[in-house]
Amino acid sequence: MGASLSTPAAPTVRAEAMMAAPPQGCPMHQEAQPVKVSPPSECPMHQAQPVKVSPPSECPMHQAQPVKASPPPECPMHQAEAGPAHQDRAYEFVECPMKAAAGMNNDIDPSNMMPPPNQVPAPDQPFKLSISREESTIPRHNTEKNWVYPSEQMFWNAMLRKGWRWRDDDLAAHDMTNIIKIHNTNNEQAWQEILKWEAMHASECPCGPTLKRFGGKAKEFSPRARIRHWMGYELPFDRHDWIIDRCGKEVRYVIDYYDGEINKDTYQFSVLDVRPAFDSLGAVWDRMKVAWWRWTS
C-alpha cells in the first residue's frame, strides 16, 4: 500500500488542444489600413491662396478692339494713284453740264497731257458749243467707273491750246459735233483692238485690263510707221500711247492713226495700227506669236 498518487497529465494536454483559433472576421485577420498623416499646418498647401482681382470692366483691356479687315495687298486700292483731274468731275458734265461748268481751272493733267474740263467759250469763238460729255466703255483704273470723253467745248479749247486757229478752217457748229463722234469712235475702236491683244492674258488677268493714262505723240512717229513710210506708205496723222493695267502690271500700247474712208452711220474714220510697245520681253513674245498666226492663217 505504499504506492503514492500523482496528478494526471492528460487533461492538461486536452485543454491546450481545445483552445480554438479566432474566426476569420475578427480584426486581427483584417489587413492593416495605412494611417493618413496630415502635413503640418505650416506647409504651403495650408496657406491661403491670393485672390485674383480682375480690373473693372471699364478698363481698356476689357474693351473689344475693332477688327480691321485689310483687303489683300494685290487689290487696286493698295496701288491707288491720283486720277486725271479732268475726269474727277466728268460725270457732272454727263448728268448736268450747266451746273458743273463753274469753277474749273486750266492746269495740265499729267496722266493724259490734257487740261481739266475747260467749258468756258473762247473769247473769239464764233458759235456756241455743247458742254455735255459722253461716257466711254473703257474702264478707268482704280475706279468703278469708265472714262468720259470731252465735250465739244473742251475739244475746241484743247485745239486752241495746241495752236489751232479756227479762222484757218471753214467750220460750223455741226462740224464739231461730227468731230467729237469720230474722236469717240476712234477711241472705242482702239480699246477693242487692245482687248484682242489682252485676250492672250485672260488667265493671268481674268478681270480684264483697265486704262491708266494716255497721251498723244502726233509728231513722234513710231519705228514701225517710219519703216512703212520708207516702203512707200503714208505716215499716220496721229499717234497715241496708252498705258493699261493688267492686274497690277503696266503695259504700254502704241496706236498709229491712218486716214480712211468715213462711215457715216458709225462715224468710223481711221485705220488703226494697235500693238504692244517693244519695251519688254513679254510684249516681244506677244507680237511674235501674232505675227506667226497672221502669216500662217
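A residue is taken as exposed when its relative accessible area is over 50%, as buried when that area is under 20%, and as partly exposed in between. In the predicted model described here, Ala199 has a relative accessibility of 52% and therefore counts as exposed. Ala199 belongs to the loop between H6 and E3. Its C-alpha atom lies 9.7 Å from that of Pro209, a residue ten positions away in sequence.

The loop between H6 and E3 also contains one partner of a disulfide, Cys205, whereas the other partner, Cys247, lies in the loop between E4 and strand E5 (249-258); the pair therefore ties together parts that are 42 residues apart in sequence. The structure holds one disulfide, and in this bond the sulfur atoms of Cys205 and Cys247 are 2.0 Å apart. The torsion about the S-S bond is about 75°, so the disulfide is right-handed. The two partners are classed separately by accessibility: Cys205 is buried because its relative accessibility is 6%, while Cys247 is partly exposed because its relative accessible area is 45%. A further cysteine, Cys207, has its closest cysteine sulfur in Cys247, but the separation of 5.5 Å is too far for a bond, given that a disulfide requires sulfur atoms within 2.5 Å. Cys207 is exposed, with a relative accessible area of 74%.

The backbone at Cys247 is also of note. Most residues other than glycine have a negative phi. Cys247, in the loop between E4 and E5, has instead a positive phi near 55°. A positive phi, near 65°, is likewise found at Asn142, which is placed in the loop between strand E1 (135-139) and strand E2 (146-148). With a relative accessibility of 27%, Asn142 falls between the two cut-offs and therefore counts as partly exposed.

The strands on either side of the Cys247 loop take part in an open sheet of four strands, arranged in the order E3-E4-E5-E6 with antiparallel pairing. Strand E3 (210-216) and strand E6 (271-276) occupy the edges; each has a single partner strand, so one side of each is left without a neighbour in the sheet. From one strand to the next, the twist averages 25°. Strands of a sheet pair through backbone hydrogen bonds, in either a parallel or an antiparallel manner. In the pairing of E3 with strand E4 (residues 238-246), the strands run antiparallel and are joined by six bridges. Within this arrangement, Arg213 stands opposite Ile243 in E4.

The helical part of the model includes the packing of helix H5 (residues 152-161) against helix H6 (residues 173-198), whose axes are 10 Å apart and meet at an angle of about 90°. Angles of 65 to 115 degrees count as roughly perpendicular, and H5 and H6 are therefore roughly perpendicular to each other. On the H5 side, the contact is made by Glu152, Phe155, Trp156 and Met159; on the H6 side, it is made by Ala173, Met176, Thr177, Ile179, Ile180 and His183. By residue class, this contact divides into seven nonpolar, two polar and one charged.

Helix H5 is mostly covered, with nine of its ten residues buried. The buried residues are Glu152, Gln153, Met154, Phe155, Trp156, Asn157, Ala158, Met159 and Leu160. Glu152, Phe155, Trp156 and Met159 thus appear both among the buried residues of H5 and in its contact with H6. Met154, in helix H5, has a relative accessible area of 5% and is therefore buried. The C-alpha atoms of Met154 and Val120 are 8.2 Å from each other, although the two residues are 34 positions apart along the chain. Just after H5, Gly163 adopts a positive phi of about 100°.

Methods: Residues are numbered from 1 along each chain as its sequence is written. This is a predicted model: local features need pLDDT of at least 70, side-chain atom pairs count only at pLDDT 80 or more; totals for chains, interfaces and linings use all residues. Side-chain values use heavy atoms; hydrogens and water are left out. Two strands pair if DSSP finds at least two bridges between them. Helices (H or I, at least four residues) and strands (E, at least two) are DSSP runs, numbered from the N terminus. Axes are lines fitted to C-alpha atoms, for helices over the stretch in contact, and angles run from 0 to 180 degrees between N-to-C directions. Angles under 35 degrees count as roughly parallel, over 145 as roughly antiparallel, 65 to 115 as roughly perpendicular and the rest as oblique. Contact means heavy atoms within 4.5 Å. Ala, Val, Leu, Ile, Met, Phe, Trp, Tyr, Cys and Pro count as nonpolar, Asp, Glu, Lys and Arg as charged, and the others, Gly among them, as polar. Buried means under 20% relative accessible area, exposed over 50%, partly exposed in between (1.4 Å probe, protein chains only).
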